[in-house]
Amino acid sequence: MGYLIRLVITAVALWVTTAVVPGIDVSGRSTGENALTLLVVAVIFGVVNMVLKPIIRVVGCVFYVLTLGLFALVVNALLFLLTDWIAGEFDLPFHVNGFWAAFWGAIVVAVVSWLISVFVPDRFDRR
């Protein structure tokens with residue numbers, strides 16, 4: 001259940017990002033196709049982050065320390081571009097136009113995901 005909640009939160013964050021950041025678009029033919037595209041892109045984004053981010057953190061540890069963590073912003077932008085490329089390989093109508101769109105998009109996705117997560121719990125307490 002928690003994974004589905006995280007998936008929906010990421011999809012909503014991606015939707016907000018497409019509305020706020022120029023250069024990031026979902027160009028489906030209908031609202032339903034756009035929603036499905038955002039859900040699939042959220043899955044791709046989650047898998048990319050789950051698999052690659054820990055490896056990059058270990059390998060790039062020196063860069064994180066030298067830049068006081070600012071290197072993480074570049075890594076997030078590159079992972080966002082990788083998500084765009086994978087989505088393109090699946091012929092999904094999701095497009096990121098360049099590094100700076102990916103840079104700002106990754107920041108917006110992170111902030112919006114965090115804000116939504118504050119109000120939506122990952123698990124429900126059973127009493």
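Helices here are DSSP runs of at least four residues, numbered from the N terminus, and with that in hand I opened this predicted model and placed lysine 53 in helix H2, residues 31–59.

**Entry: lysine 53 and threonine 37 in H2**

I looked up how much of lysine 53 is accessible and found a relative accessible area of 18%; since buried means under 20%, lysine 53 counts as buried. Its side chain makes a polar contact, at 2.7 Å, with the side chain of asparagine 76. Leaving out residues up to four places away in sequence, I listed Val48, Asn76 and Leu79 as the residues that lysine 53 touches.

I then turned to threonine 37, which is also found in H2. Threonine 37 is buried, because its relative accessible area is 4%. I noted that the side chain of threonine 37 reaches the backbone oxygen of glutamate 33 at 2.8 Å. With residues up to four places away again set aside, threonine 37 touches Val26, Leu92, Pro93 and Phe94.

**Entry: the salt bridge**

How many salt bridges does the structure hold? I found one, and in it the side chains of arginine 29 and glutamate 33 meet at 3.5 Å, taken from N to O. Side chains of opposite charge can pair when their charged atoms come close. I checked the accessibility of each partner: arginine 29 is exposed, with a relative accessible area of 79%, whereas glutamate 33 is partly exposed, at 25%. I also kept in mind that glutamate 33 is the residue whose backbone oxygen is reached by the side chain of threonine 37.

**Entry: helix H4**

My next subject was H4, which has 19 residues and reaches 27 Å from its first C-alpha to its last, close to the 27 Å expected at 1.5 Å a residue. Which residues of H4 are buried? I wrote down Val75, Asn76, Ala77, Leu79, Phe80, Thr83, Asp84 and Ala87. Asn76 and Leu79 had already come up as residues that lysine 53 touches. What covers the buried residues of H4 includes helix H1 (2–20), strand E1 (24–26), H2, helix H3 (61–66), strand E2 (94–96) and helix H5 (99–119). After H4 comes aspartate 91, and I noted that its phi is positive, near 55°.

Leucine 73 lies in H4, which runs over residues 71–89. At 30% relative accessibility, leucine 73 counts as partly exposed, because that value falls between the cut-offs of 20% and 50%. Not counting residues up to four places away in sequence, leucine 73 touches Phe103 and Ile107. I also looked up isoleucine 9, which is 64 residues from leucine 73 along the chain, and found their C-alpha atoms separated by 20 Å.

**Entry: the nonpolar core**

In soluble globular proteins, nonpolar side chains tend to be buried together. The largest nonpolar core here has 29 residues, of which Leu14, Ile24, Phe80, Phe94 and Val96 touch the most other members. The elements giving two or more residues to this core are H1, E1, H2, H4, E2 and H5, and H5 gives the most, with seven residues.

I followed isoleucine 24 further and, leaving aside its neighbours within four places in sequence, recorded contacts with Thr17, Thr18, Phe80, Phe94, His95, Val96, Ala101 and Gly105. Phe94 appears in my earlier entry as well, as one of the residues that threonine 37 touches, and Phe80 is listed among the buried residues of H4.

Methods. Residues are numbered from 1 along each chain as its sequence is written. This is a predicted model: local features need pLDDT of at least 70, side-chain atom pairs count only at pLDDT 80 or more; totals for chains, interfaces and linings use all residues. Side-chain values use heavy atoms; hydrogens and water are left out. Buried means under 20% relative accessible area, exposed over 50%, partly exposed in between (1.4 Å probe, protein chains only). Contact means heavy atoms within 4.5 Å. A polar contact is a pair of N or O atoms within 3.5 Å; within protein, one must be able to donate a hydrogen and the other to accept it, and residues adjacent in sequence count only if both atoms are side-chain atoms. The expected span of a helix is 1.5 Å times one less than its number of residues. A salt bridge is a side-chain nitrogen of Lys or Arg within 4 Å of a carboxyl oxygen of Asp or Glu. A nonpolar core is a set of buried Ala, Val, Leu, Ile, Met, Phe, Trp, Tyr and Cys residues joined through side-chain atoms within 4.5 Å.
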